[in-house]
Amino acid sequence: MSLIGKEIEAFEAKAFQQGKDFFDISSEDLKGHWSVVCFYPADFSFVCPTELEDLQEQYPALQKLGVEVYSVSTDTHFVHKAWHDHSEAINKIQYIMIGDPSHQISTSFDVLDAEGLSQRGTFIIDPDGIVQSLEINADGIGRDASTLIDKIKAAQYVRSHPGEVCPAKWKEGAETLKPSLDLVGKI
């Protein structure tokens, strides 16, 4: 069953962030603002650092939209710090890295695979903790974080303009649609 339109399940975990070191985090920390939760298989791997570095490149633009970013793998917060300290790509990361060694978060977001690793899942969560968008890629397919900007702008627009929807390839400032019987068969 899809997670779209559902509230995220409660969780508590340990996290690492550059400049803060280790701290506790919970599902409540993802509420009150827009969130992107990016699951990935493992630290010290191959495709994952390219994705997380790409996400860091988009982080300032996401922050300007009021979005906080959280990366999650089944590694511990200690491993996140070690990876941060030893990888040029990961050393750039300023967003929060959540450890999920208990698999609770990965299971609740339905991204845990048979080997106990998180799949490449990206979730956009609104300020109420409701999943508005999700994408899950196969292990060998890296993501492009730049696509998040337009998706978040569309989700924010729809939230603030009830009764309007954003068509395919919608960009900020473009025309939206107001679903009605008048549009049926005319698009």
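**Exercise 1. Identify the residues that form one aromatic cluster in this predicted model, and describe the geometry of the pair Phe 22 and Phe 78.**

*Solution.*

Step 1. The cluster consists of Phe 16, Phe 22 and Phe 78. The structure as a whole holds 9 aromatic pairs.

Step 2. A pair of aromatic rings is described by the distance of the centres and the angle of the planes. For Phe 22 and Phe 78 these values are 5.1 Å and 75 degrees. Planes over 60 degrees apart count as edge-to-face, and the pair of Phe 22 and Phe 78 is accordingly edge-to-face.

Step 3. Phe 22 belongs to strand β2 (residues 21–26) and Phe 78 to helix α2 (residues 77–86). With these positions 56 residues apart, the pair links distant parts of the chain.

Step 4. Phe 22 has a relative accessible area of 35% and is partly exposed, whereas Phe 78, at 51%, counts as exposed.

**Exercise 2. Classify the ring pair of Tyr 157 and Trp 170, and state which parts of the chain the pair ties together.**

*Solution.*

Step 1. The ring centres of Tyr 157 and Trp 170 are 5.4 Å apart, and the planes stand at 50 degrees, so the pair is tilted.

Step 2. Tyr 157 lies in helix α5 (residues 147–160), while Trp 170 lies in the segment after α5; the pair therefore ties together parts that are 13 residues apart in sequence.

Step 3. Trp 170 has a relative accessible area of 8%, so this residue is buried, because the limit for that class is under 20%.

**Exercise 3. Locate Lys 20 relative to the ring of Phe 23.**

*Solution.*

Lys 20 lies over the face of Phe 23, and the distance from the ring centre is 5.2 Å.

**Exercise 4. Determine where Pro 41 is found, whether it is buried or exposed, and which residues it touches.**

*Solution.*

Step 1. Pro 41 occupies the loop between β3 (34–39) and α1 (47–64).

Step 2. Its relative accessibility is 7%, so Pro 41 counts as buried.

Step 3. Leaving aside residues up to four places away in sequence, Pro 41 touches Cys 48, Ser 73, Thr 74, Asp 75, Leu 117, Ser 118, Arg 120 and Asp 139.

Step 4. Pro 167 is 126 residues from Pro 41 along the chain, and the C-alpha atoms of these two prolines are separated by 32 Å.

**Exercise 5. Analyse the salt bridges of Asp 85, Asp 126 and Glu 135 in terms of partner, distance and position in the chain.**

*Solution.*

Step 1. The structure holds 12 salt bridges. Asp 85 meets Lys 81 at 2.7 Å, N to O. These residues are 4 apart in helix α2, which means a separation of about one helical turn. Asp 85 is partly exposed at 43%, and Lys 81 is partly exposed at 24%.

Step 2. Asp 126 forms a salt bridge with Arg 159, with 3.4 Å between the closest N and O atoms. Asp 126 lies in the loop between β6 (120–125) and β7 and Arg 159 in helix α5, so the pair ties together parts that are 33 residues apart in sequence. Asp 126 is buried, at 5% relative accessible area, whereas Arg 159 counts as partly exposed at 38%.

Step 3. The side chains of Glu 135 and Lys 151 also meet in a salt bridge, at 3.4 Å, N to O. This pair links strand β7, which holds Glu 135, with helix α5, which holds Lys 151, across 16 residues. Glu 135 counts as partly exposed at 32%, and Lys 151 is partly exposed at 34%.

Step 4. Glu 7, Glu 28 and Lys 31 are joined into one network by salt bridges that share partners.

**Exercise 6. Name the residues of the nonpolar surface patch that includes Leu 134, and give their accessible area together.**

*Solution.*

Step 1. Ile 4, Leu 134 and Ile 136 form the patch, with about 220 Å² of accessible area together.

Step 2. Leu 134 is found in strand β7 (residues 131–137). This residue is partly exposed, at 32% relative accessible area.

**Exercise 7. Examine the sign of phi at Asp 110 and Lys 169, and give the setting of each residue.**

*Solution.*

Step 1. Most residues other than glycine have a negative phi.

Step 2. Asp 110 has a positive phi, near 60 degrees. Asp 110 is found in the loop between α4 (104–108) and β6, and counts as exposed at 57% relative accessibility.

Step 3. Lys 169, likewise not a glycine, has a positive phi of about 60 degrees. Lys 169 is found in the segment after α5, and counts as exposed at 81% relative accessibility.

Terms used. Residues are numbered from 1 along each chain as its sequence is written. This is a predicted model: local features need pLDDT of at least 70, side-chain atom pairs count only at pLDDT 80 or more; totals for chains, interfaces and linings use all residues. Side-chain values use heavy atoms; hydrogens and water are left out. Helices (H or I, at least four residues) and strands (E, at least two) are DSSP runs, numbered from the N terminus. Buried means under 20% relative accessible area, exposed over 50%, partly exposed in between (1.4 Å probe, protein chains only). Contact means heavy atoms within 4.5 Å. Rings of Phe, Tyr and Trp (its six-membered ring) pair if their centres lie within 6.5 Å; planes under 30 degrees apart count as stacked, over 60 as edge-to-face and the rest as tilted. A charge sits over a ring if NZ of Lys or CZ of Arg is within 6 Å of the ring centre and within 35 degrees of the ring normal. Patches are made of residues with over 30% relative accessible area and no salt bridge: like charges are joined within 9 Å, nonpolar side chains (Val, Leu, Ile, Met, Phe, Trp, Tyr) within 5 Å. Accessible areas come from the Shrake-Rupley method with a 1.4 Å probe; for residues, only the protein chains shown count as cover. A salt bridge is a side-chain nitrogen of Lys or Arg within 4 Å of a carboxyl oxygen of Asp or Glu.
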